[in-house]
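Biologist: Give me a close look at one thing only, please: the empty space in this model and the residues around it. Take your time and connect the pieces as you go.

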Amino acid sequence: MKKVRKAVIPAAGLGTRFLPATKALAKEMLPIVDKPTIQFIVEEALKSGIEEILVVTGRAKRSIEDHFDSNFELEYNLQQKDKKDLLKLVDETTDITLHFIRQSHPRGLGDAVLQAKAFVGNEPFVVMLGDDLMDITNDKALPLTKQLINDFDATHASTIAVMPVPHGDVSSYGVIAPQGEGVSGLYSVDTFVEKPAPEEAPSDLAIIGRYLLTPEIFDILENQKPGAGGEIQLTDAIDTLNKTQRVFAREFKGSRYDVGDKFGFMKTSIDYALQHPQVKDDLKDYIIELGKKLDGKSEK
(Lines give C-alpha, C1' and ligand atoms only; values in the text may rest on other atoms or scores of the structure.)
Protein backbone atom coordinates (compact mmCIF):
# COMPACT_ATOMS: atom_id res chain seq x y z
CA MET A 1 0.00 0.00 0.00
CA LYS A 2 1.31 3.41 -0.95
CA LYS A 3 1.81 6.04 1.73
CA VAL A 4 -0.07 9.35 1.56
CA ARG A 5 2.75 11.84 0.99
CA LYS A 6 1.31 14.61 -1.17
CA ALA A 7 -1.18 17.43 -0.71
CA VAL A 8 -2.85 19.73 -3.21
CA ILE A 9 -4.03 23.19 -2.13
CA PRO A 10 -6.30 24.88 -4.70
CA ALA A 11 -5.74 28.65 -4.49
CA ALA A 12 -6.80 29.98 -7.88
CA GLY A 13 -10.11 31.61 -6.90
CA LEU A 14 -10.67 35.30 -7.54
CA GLY A 15 -11.78 36.10 -3.98
CA THR A 16 -14.61 38.35 -5.16
CA ARG A 17 -16.36 38.26 -1.76
CA PHE A 18 -13.43 40.21 -0.31
CA LEU A 19 -13.15 42.96 -2.89
CA PRO A 20 -11.60 45.50 -2.96
CA ALA A 21 -8.93 43.92 -0.69
CA THR A 22 -8.42 41.05 -3.14
CA LYS A 23 -8.07 43.24 -6.22
CA ALA A 24 -4.29 43.05 -5.89
CA LEU A 25 -3.84 40.63 -2.97
CA ALA A 26 -4.48 36.89 -3.02
CA LYS A 27 -7.42 35.99 -0.78
CA GLU A 28 -5.28 33.24 0.73
CA MET A 29 -2.87 35.92 1.99
CA LEU A 30 -5.46 37.76 4.08
CA PRO A 31 -4.12 37.49 7.65
CA ILE A 32 -5.77 35.98 10.71
CA VAL A 33 -4.13 38.43 13.14
CA ASP A 34 -0.58 38.02 11.77
CA LYS A 35 -0.67 34.75 9.83
CA PRO A 36 -2.01 34.33 6.26
CA THR A 37 -4.85 31.82 5.95
CA ILE A 38 -2.87 29.61 3.58
CA GLN A 39 -0.11 29.22 6.16
CA PHE A 40 -2.58 27.51 8.51
CA ILE A 41 -3.34 25.03 5.71
CA VAL A 42 0.34 24.33 5.03
CA GLU A 43 1.02 23.85 8.74
CA GLU A 44 -1.85 21.34 9.01
CA ALA A 45 -0.39 19.40 6.09
CA LEU A 46 3.06 19.27 7.66
CA LYS A 47 1.67 18.24 11.07
CA SER A 48 -0.15 15.41 9.28
CA GLY A 49 3.05 13.99 7.82
CA ILE A 50 2.66 15.36 4.29
CA GLU A 51 6.02 15.57 2.52
CA GLU A 52 5.22 17.41 -0.73
CA ILE A 53 2.71 20.20 -1.34
CA LEU A 54 1.42 21.60 -4.63
CA VAL A 55 -0.40 24.95 -4.62
CA VAL A 56 -2.66 25.54 -7.63
CA THR A 57 -2.69 29.29 -8.24
CA GLY A 58 -3.94 31.77 -10.80
CA ARG A 59 -3.34 35.35 -11.88
CA ALA A 60 -2.48 37.88 -9.14
CA LYS A 61 -1.41 35.08 -6.78
CA ARG A 62 2.32 35.78 -6.83
CA SER A 63 2.18 36.97 -3.22
CA ILE A 64 1.64 33.34 -2.12
CA GLU A 65 4.90 32.26 -3.72
CA ASP A 66 6.70 35.28 -2.29
CA HIS A 67 5.43 34.52 1.21
CA PHE A 68 7.02 31.06 1.21
CA ASP A 69 10.21 32.25 -0.52
CA SER A 70 13.35 33.65 1.07
CA ASN A 71 13.58 37.44 1.54
CA PHE A 72 17.28 38.19 1.92
CA GLU A 73 16.90 41.89 2.72
CA LEU A 74 14.35 41.26 5.45
CA GLU A 75 16.25 38.33 6.95
CA TYR A 76 19.55 40.25 6.91
CA ASN A 77 17.91 43.28 8.55
CA LEU A 78 16.40 41.19 11.32
CA GLN A 79 19.68 39.39 11.86
CA GLN A 80 21.66 42.63 12.11
CA LYS A 81 19.19 44.04 14.63
CA ASP A 82 19.29 40.80 16.63
CA LYS A 83 15.52 40.33 16.32
CA LYS A 84 15.75 36.58 16.75
CA ASP A 85 12.06 35.98 17.47
CA LEU A 86 10.96 37.73 14.28
CA LEU A 87 13.68 35.98 12.27
CA LYS A 88 12.39 32.64 13.57
CA LEU A 89 8.88 33.49 12.32
CA VAL A 90 10.26 34.31 8.88
CA ASP A 91 12.37 31.14 8.77
CA GLU A 92 9.27 29.04 9.51
CA THR A 93 7.78 30.12 6.18
CA THR A 94 10.93 29.66 4.09
CA ASP A 95 12.03 26.21 5.30
CA ILE A 96 9.09 24.63 3.45
CA THR A 97 9.45 23.22 -0.06
CA LEU A 98 6.34 23.98 -2.09
CA HIS A 99 5.50 23.44 -5.74
CA PHE A 100 3.29 25.82 -7.74
CA ILE A 101 1.22 25.45 -10.89
CA ARG A 102 -1.30 27.81 -12.49
CA GLN A 103 -4.90 27.08 -13.37
CA SER A 104 -5.18 29.22 -16.50
CA HIS A 105 -9.00 29.47 -16.44
CA PRO A 106 -11.39 29.29 -13.43
CA ARG A 107 -13.29 26.15 -14.45
CA GLY A 108 -14.08 24.94 -10.95
CA LEU A 109 -12.55 22.93 -8.12
CA GLY A 110 -12.51 19.71 -10.14
CA ASP A 111 -10.45 21.36 -12.86
CA ALA A 112 -8.08 22.85 -10.27
CA VAL A 113 -7.45 19.38 -8.80
CA LEU A 114 -6.91 17.98 -12.30
CA GLN A 115 -3.93 20.33 -12.69
CA ALA A 116 -2.16 18.19 -10.06
CA LYS A 117 -2.25 14.96 -12.07
CA ALA A 118 1.44 14.99 -13.05
CA PHE A 119 2.48 16.04 -9.53
CA VAL A 120 0.48 13.29 -7.83
CA GLY A 121 1.22 10.46 -10.24
CA ASN A 122 -0.13 7.08 -9.15
CA GLU A 123 -0.40 7.87 -5.45
CA PRO A 124 -3.19 8.65 -2.99
CA PHE A 125 -3.23 12.33 -2.05
CA VAL A 126 -5.11 14.93 -0.02
CA VAL A 127 -6.89 18.07 -1.21
CA MET A 128 -7.04 20.91 1.30
CA LEU A 129 -9.25 23.93 0.68
CA GLY A 130 -8.07 27.24 2.07
CA ASP A 131 -11.52 28.53 3.06
CA ASP A 132 -11.78 25.97 5.88
CA LEU A 133 -9.45 26.23 8.87
CA MET A 134 -9.63 23.39 11.38
CA ASP A 135 -8.92 23.54 15.13
CA ILE A 136 -6.59 26.53 14.79
CA THR A 137 -7.09 27.41 18.47
CA ASN A 138 -6.36 23.85 19.67
CA ASP A 139 -2.75 22.79 19.18
CA LYS A 140 -3.38 19.41 20.84
CA ALA A 141 -6.10 18.29 18.41
CA LEU A 142 -5.27 15.60 15.87
CA PRO A 143 -5.27 17.41 12.48
CA LEU A 144 -8.25 16.55 10.30
CA THR A 145 -5.92 15.69 7.42
CA LYS A 146 -4.13 13.20 9.67
CA GLN A 147 -7.50 11.68 10.61
CA LEU A 148 -8.22 11.07 6.92
CA ILE A 149 -4.78 9.53 6.44
CA ASN A 150 -5.38 7.21 9.39
CA ASP A 151 -8.70 6.17 7.83
CA PHE A 152 -6.98 5.46 4.51
CA ASP A 153 -4.37 3.33 6.24
CA ALA A 154 -7.24 1.20 7.60
CA THR A 155 -9.56 1.09 4.57
CA HIS A 156 -7.28 1.82 1.56
CA ALA A 157 -10.16 3.92 0.22
CA SER A 158 -10.87 7.56 -0.57
CA THR A 159 -12.26 9.42 2.43
CA ILE A 160 -14.00 12.81 2.49
CA ALA A 161 -14.38 15.05 5.57
CA VAL A 162 -17.96 16.01 6.46
CA MET A 163 -19.70 17.91 9.23
CA PRO A 164 -23.34 18.65 10.12
CA VAL A 165 -24.52 22.08 8.94
CA PRO A 166 -27.86 23.86 9.42
CA HIS A 167 -30.40 22.35 7.04
CA GLY A 168 -31.07 25.68 5.37
CA ASP A 169 -27.37 25.99 4.44
CA VAL A 170 -26.97 22.68 2.59
CA SER A 171 -27.39 24.35 -0.81
CA SER A 172 -23.95 25.93 -0.31
CA TYR A 173 -22.18 22.57 0.07
CA GLY A 174 -21.63 19.15 -1.35
CA VAL A 175 -23.74 16.78 0.75
CA ILE A 176 -23.57 13.02 1.33
CA ALA A 177 -26.28 10.39 1.49
CA PRO A 178 -24.82 8.09 4.19
CA GLN A 179 -25.45 4.38 4.42
CA GLY A 180 -26.57 3.70 7.97
CA GLU A 181 -25.38 5.45 11.11
CA GLY A 182 -21.65 5.08 10.56
CA VAL A 183 -19.08 3.45 12.81
CA SER A 184 -16.98 5.69 15.08
CA GLY A 185 -17.74 8.65 12.82
CA LEU A 186 -16.84 6.88 9.57
CA TYR A 187 -19.68 6.52 7.06
CA SER A 188 -20.11 4.44 3.96
CA VAL A 189 -21.68 6.69 1.33
CA ASP A 190 -24.49 5.98 -1.10
CA THR A 191 -24.23 9.20 -3.15
CA PHE A 192 -22.56 12.61 -3.14
CA VAL A 193 -24.72 15.58 -4.21
CA GLU A 194 -23.35 19.02 -5.09
CA LYS A 195 -25.32 21.98 -3.66
CA PRO A 196 -28.75 20.37 -3.34
CA ALA A 197 -31.87 22.38 -2.53
CA PRO A 198 -32.75 21.92 1.16
CA GLU A 199 -35.89 19.95 0.31
CA GLU A 200 -33.83 17.57 -1.84
CA ALA A 201 -30.78 17.15 0.40
CA PRO A 202 -30.18 13.53 1.46
CA SER A 203 -28.69 14.64 4.81
CA ASP A 204 -27.19 17.60 6.66
CA LEU A 205 -23.66 16.12 6.48
CA ALA A 206 -21.75 18.56 4.30
CA ILE A 207 -18.29 18.24 2.75
CA ILE A 208 -16.01 20.69 4.52
CA GLY A 209 -12.82 21.05 2.52
CA ARG A 210 -10.58 18.07 3.24
CA TYR A 211 -10.45 15.16 0.80
CA LEU A 212 -8.24 12.07 0.63
CA LEU A 213 -8.47 10.69 -2.90
CA THR A 214 -7.06 7.81 -4.88
CA PRO A 215 -5.42 8.69 -8.23
CA GLU A 216 -8.30 7.16 -10.22
CA ILE A 217 -10.11 10.46 -9.63
CA PHE A 218 -8.02 12.06 -12.40
CA ASP A 219 -9.37 9.82 -15.17
CA ILE A 220 -12.87 10.78 -14.05
CA LEU A 221 -12.09 14.50 -13.90
CA GLU A 222 -10.69 14.43 -17.43
CA ASN A 223 -14.10 13.30 -18.70
CA GLN A 224 -16.28 15.09 -16.17
CA LYS A 225 -19.03 17.29 -17.65
CA PRO A 226 -19.68 20.70 -16.05
CA GLY A 227 -22.14 20.60 -13.17
CA ALA A 228 -23.49 23.23 -10.79
CA GLY A 229 -22.52 26.74 -11.88
CA GLY A 230 -21.23 25.43 -15.20
CA GLU A 231 -18.00 24.30 -13.51
CA ILE A 232 -16.18 20.96 -13.18
CA GLN A 233 -17.36 19.88 -9.75
CA LEU A 234 -15.10 17.67 -7.64
CA THR A 235 -18.15 16.36 -5.76
CA ASP A 236 -19.62 15.00 -9.01
CA ALA A 237 -16.36 13.23 -9.82
CA ILE A 238 -16.24 11.71 -6.32
CA ASP A 239 -19.78 10.43 -6.78
CA THR A 240 -18.68 8.75 -10.02
CA LEU A 241 -15.63 7.28 -8.26
CA ASN A 242 -17.93 5.87 -5.58
CA LYS A 243 -19.63 3.74 -8.21
CA THR A 244 -16.44 1.79 -8.93
CA GLN A 245 -14.60 1.85 -5.59
CA ARG A 246 -15.69 2.58 -2.05
CA VAL A 247 -15.57 6.16 -0.82
CA PHE A 248 -16.01 6.90 2.89
CA ALA A 249 -16.89 10.04 4.81
CA ARG A 250 -15.25 11.01 8.09
CA GLU A 251 -17.37 13.19 10.39
CA PHE A 252 -15.24 15.98 11.86
CA LYS A 253 -15.86 16.63 15.56
CA GLY A 254 -13.55 19.61 16.04
CA SER A 255 -13.85 23.34 15.43
CA ARG A 256 -14.21 24.46 11.82
CA TYR A 257 -13.68 28.07 10.80
CA ASP A 258 -15.13 29.23 7.48
CA VAL A 259 -12.99 32.14 6.25
CA GLY A 260 -14.71 32.20 2.86
CA ASP A 261 -17.14 34.97 3.83
CA LYS A 262 -16.74 38.23 5.72
CA PHE A 263 -18.48 37.24 8.96
CA GLY A 264 -16.71 33.88 9.12
CA PHE A 265 -13.39 35.64 8.57
CA MET A 266 -14.09 38.14 11.36
CA LYS A 267 -15.18 35.40 13.78
CA THR A 268 -12.05 33.39 13.01
CA SER A 269 -9.84 36.43 13.57
CA ILE A 270 -11.44 37.15 16.95
CA ASP A 271 -11.30 33.54 18.20
CA TYR A 272 -7.68 33.15 17.11
CA ALA A 273 -6.70 36.53 18.56
CA LEU A 274 -8.15 35.51 21.93
CA GLN A 275 -5.47 32.77 21.98
CA HIS A 276 -2.65 34.97 20.64
CA PRO A 277 -0.13 35.79 23.39
CA GLN A 278 0.54 39.31 22.13
CA VAL A 279 -3.04 40.56 21.86
CA LYS A 280 -5.35 38.23 23.81
CA ASP A 281 -5.46 40.23 27.08
CA ASP A 282 -6.05 43.61 25.43
CA LEU A 283 -8.65 42.12 23.08
CA LYS A 284 -10.52 40.45 25.93
CA ASP A 285 -10.68 43.75 27.84
CA TYR A 286 -11.84 45.55 24.70
CA ILE A 287 -14.60 43.02 24.02
CA ILE A 288 -15.86 43.31 27.61
CA GLU A 289 -15.97 47.11 27.38
CA LEU A 290 -17.56 46.98 23.95
CA GLY A 291 -20.21 44.59 25.27
CA LYS A 292 -21.09 47.05 28.03
CA LYS A 293 -21.50 49.84 25.49
CA LEU A 294 -23.65 47.72 23.21
CA ASP A 295 -25.84 46.64 26.16
CA GLY A 296 -26.25 50.28 27.12
CA LYS A 297 -27.41 51.21 23.62
CA SER A 298 -29.86 48.29 23.48
CA GLU A 299 -31.53 49.47 26.71
CA LYS A 300 -32.26 52.92 25.28
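Modeller: A bit of bookkeeping to start: helices (H or I, at least four residues) and strands (E, at least two) are DSSP runs, numbered from the N terminus. This is a predicted model, so local features need pLDDT of at least 70 and side-chain atom pairs 80 or more, while totals for chains, interfaces and linings use all residues. Residues count from 1 along each chain as its sequence is written, and side-chain values use heavy atoms, leaving out hydrogens and water.

Now for the empty space. Rolling a probe the size of a water molecule over the atoms shows where empty space is left. On a 1 Å grid over the protein atoms alone, a cavity is a set of points where a 1.4 Å probe fits but cannot get out, a pocket is an open set with protein on both sides within 12 Å along at least five of seven lines, and lining residues have an atom within 4 Å of a point. Points join across faces, edges and corners, and volume is the space filled by probe spheres set on them.

The largest pocket holds about 1,200 Å³ of space. Its lining counts 36 residues, and those closest to the pocket centre are Arg17, Lys27, Leu129, Asp131 and Lys195. Keep an eye on that group, as several of its members turn up again below. Three elements put two or more residues into this lining: α5 (109–114), β11 (205–213) and β13 (256–258). Of the elements, β11 gives the most, with four residues. By class, the lining splits into 13 nonpolar, 12 polar and 11 charged residues, where Ala, Val, Leu, Ile, Met, Phe, Trp, Tyr, Cys and Pro are nonpolar, Asp, Glu, Lys and Arg charged, and the others, Gly among them, polar.

Lys195 deserves a stop of its own. This residue is one of those closest to the centre of the largest pocket, and it sits in the loop between β10 (186–194) and β11. So the loop carrying Lys195 runs up to β11, the strand with four residues in the pocket lining. The phi of Lys195 is near 50°, a positive value in a residue other than glycine. Lys195 is partly exposed, at 44% relative accessible area, a class that falls between buried (under 20%) and exposed (over 50%), worked out with a 1.4 Å probe on protein chains only.

Backbone oddities show up elsewhere too. Most residues other than glycine have a negative phi, and most peptide bonds are trans. Val33 is another non-glycine residue with a positive phi, about 65°. You'll find Val33 in the loop between β2 and β3, and its relative accessible area of 34% makes Val33 partly exposed. Then there's the peptide bond from Leu19 to Pro20, which is cis, with omega near 5°. Pro20 belongs to the loop between β1 (6–10) and β2 (31–32).

On to the closed space. Searching the whole structure for cavities of 30 Å³ or more turns up one. The largest cavity has a volume of about 50 Å³. Around it sit Phe18, Lys27, Glu28, Leu30, Thr37, Gly130, Asp131, Val259 and Phe265. Sorted by class, that makes four nonpolar, two polar and three charged residues. Here come the repeat names: Lys27 and Asp131 line this cavity, and both are listed among the residues closest to the centre of the largest pocket.

The second largest pocket comes in at about 920 Å³. It has 40 lining residues, with Lys35, Gln39, Phe40, Glu43 and Tyr272 nearest the centre. Six elements are each down for at least two lining residues: β3 (35–36), α1, α2 (62–67), α3 (72–80), α4 (84–94) and β7 (132–134). The class split for this lining is 17 nonpolar, 11 polar and 12 charged. Notice that β3 is among those contributors, and the loop holding Val33 lies between β2 and β3.

One last residue for the tour: Met266, in helix α10 (residues 262–273). At 48% relative accessibility, Met266 counts as partly exposed. Its C-alpha atom is 8.6 Å from that of Ile32, although the two residues are 234 apart along the chain. If you're clicking through the model, Lys195 is a handy place to begin, being one of the residues closest to the centre of the largest pocket and carrying a positive phi.
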